[in-house]
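Me: I am new to this structure and would like a close look at a single part of it. Please take one helix and describe what surrounds it, then place it within the whole.

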Amino acid sequence: MDRMEGGGFPEDLGLRHMETLEDLGDSLRRLRRRYARRRSDALLSYRYLAEKTGYAHGVIGGYFSGKVLPPPDKLDVIVVLLGADSAERLAFAAARDAVEEGRRRHPEGGAAPGTPGVELLDRL
């Protein structure tokens, strides 16, 4: 979702152009950086996120590196922990589902351009 930051620059979490698992990992990293910026703090470590969520830190690393597709419930826990608002939560869920559907249709690893779940992001 594009939002305006305090400085007036549009914020882009990369959710509008989601096609691959790597894109989802990139959007999670952007969300993590935004959370740190808003708190004027360092990035939350994967170990810290693992401690807060109860997930293994290696699995968290897999999600953020775009190597592992998070289950919907785990993705939601992570994005909430990183300060996503309700519209962003829906957008992450739709993007994740589009990636999963694209992987089913195109086993080489991504959502086909025009995947219905991705267009939902424009309406949020």
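Reply:
**Helix α3 and its surroundings**

The buried residues of α3 are covered by elements that include α1, α2 and α4 (72-81). The model is a predicted one. Helix α3 spans residues 57-65, and its buried residues are Ile60, Gly61, Gly62, Tyr63 and Phe64. Here a residue is called buried when its relative accessible area is under 20%. Just after α3 comes Gly66, whose phi is positive, at about 80 degrees.

Two of the covering helices, α1 (21-39) and α2 (46-53), are joined by a loop that holds Ser40. Ser40 also has a positive phi, of about 50 degrees, although Ser40 is not a glycine. Most residues other than glycine have a negative phi. Ser40 has a relative accessible area of 70% and is therefore exposed, the cut-off for that word being over 50%.

Now for the whole protein. Six helices and two strands are present, and along the sequence they follow the pattern β-β-α-α-α-α-α-α. The protein has 124 residues, and 40% of them are buried. If contacts between residues at least 6 apart in sequence are taken, 55% of them join residues at least 24 apart. The accessible surface of the protein is about 6700 Å², and carbon and sulfur atoms account for 52% of that surface.

To return to the part in question, α3 has Tyr63 and Phe64 among its buried residues, and the cover over these buried residues includes α1, α2 and α4.

Conventions. Residues numbered from 1 in each chain as written. Predicted model: local features only at pLDDT ≥ 70, side-chain atom pairs only at ≥ 80, totals over all residues. Heavy atoms only, no water. Helix = DSSP H or I, 4+ residues; strand = E, 2+ residues; numbered from the N terminus. Buried < 20%, exposed > 50% of the residue type's maximum accessible area, 1.4 Å probe, protein only. Contact = heavy atoms within 4.5 Å. Areas by Shrake-Rupley, 256 points an atom, 1.4 Å probe, with all protein chains shown as cover.
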